[in-house]
Amino acid sequence: RLAQLREARHLFAAAGDPRRLGGTQAELAYALIQTGDYEEAETLLREARSMLAGLEASDSHLLVEAFLALLYHEWRPQHALSLALHHAEAVTRFEGEWLWPIMVAGASWTVALVQTWASEPERALALAEAGAATAASLKHHNILACHLWAQGQALEALGRREEALRALGE
């Protein structure tokens with residue numbers, strides 16, 4: 001998958017398509033976050049954010065901000081919580097412009113994780129439950145799984161361990 005995303009990145013760069021290049025870099029960065037290659041993921045996401053600046057809001061913008069929030073949640077470098085909150089707030093701003101519920105659900109689970117980390121598990125739980133409902137209604141199982149994970153984290157932070165285990169087990 002990494003090799004395919006790197007090739008797609010090269011092709012979109014050669015084609016001069018900043019929106020698709022930014023989205024591809026976001027997807028590549030997400031894959032790198034999953035492997036723990038945080039520094040390269042951060043570089044790609046920051047480059048994508050810069051190249052998308054000034055363009056009309058798109059799914060690429062939403063993904064970049066969501067994956068930056070996730071990156072800092074997972075990596076935890078210095079000032080990580082402030083950085084994660086900053087990007088989670090950007091996701092929320094973009095959500096207000098968005099018409100496709102699956103794109104909002106696809107990004108909002110990262111916001112829920114950050115909210116739990118920021119000691120706002122009630123808000124996180126509400127967001128994760130809404131995202132899970134949207135993903136389930138649209139039969140998008142990957143996004144549903146992400147929301148159930150975020151829901152489990154929020155429930156755990158609220159001291160509702162049994163419910164958290166059920167959410168994480170689904």
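Visitor: At what angle do helix 8 and helix 9 pack, and is that roughly parallel or antiparallel?
Guide: The model is predicted. In it, the axes of helix 8 and helix 9 lie 8 Å apart. Their packing angle is about 170 degrees. Angles over 145 degrees count as roughly antiparallel, so helix 8 against helix 9 is roughly antiparallel.

Visitor: How many charged residues does the contact of helix 8 with helix 9 have?
Guide: Helix 8 brings residues including Leu-148, Trp-149 and Glu-156. Helix 9 meets them with residues including Arg-161, Glu-163 and Leu-168. By class, the contact has 6 nonpolar residues, 2 polar and, for charged, 3.

Visitor: Is helix 2 roughly parallel or antiparallel to helix 4?
Guide: The two axes are 9 Å apart, at an angle of about 20 degrees. Helix 2 passes helix 4 in a left-handed crossing. Angles under 35 degrees count as roughly parallel, so helix 2 and helix 4 are roughly parallel.

Visitor: How many nonpolar residues are in the contact of helix 2 with helix 4?
Guide: Gly-22, Gly-23 and Ala-26 are among the helix 2 residues here. Those of helix 4 include Val-64, Phe-67 and Leu-71. The contact holds 3 polar residues, 3 charged and, for nonpolar, 8.

Visitor: Which helix gives the most to the largest nonpolar core?
Guide: This core has 44 residues, and Leu-45, Val-64 and Leu-71 touch the most other members. Leaving aside neighbours within four places in sequence, Leu-71 is in contact with residues including Ile-33, Ala-41 and Leu-45. With 10 residues, the top contributor is helix 4.

How values were computed
Residues numbered from 1 in each chain as written. Predicted model: local features only at pLDDT ≥ 70, side-chain atom pairs only at ≥ 80, totals over all residues. Heavy atoms only, no water. Core = buried A, V, L, I, M, F, W, Y, C linked by side-chain atoms within 4.5 Å. Buried < 20%, exposed > 50% of the residue type's maximum accessible area, 1.4 Å probe, protein only. Helix = DSSP H or I, 4+ residues; strand = E, 2+ residues; numbered from the N terminus. Contact = heavy atoms within 4.5 Å. Axes fitted to C-alpha atoms, helices over the stretch in contact; angles between N-to-C directions. Parallel < 35°, antiparallel > 145°, perpendicular 65-115°, else oblique. Nonpolar A, V, L, I, M, F, W, Y, C, P; charged D, E, K, R; others polar. Left-handed = near helix turned anticlockwise from the far one by under 90°.
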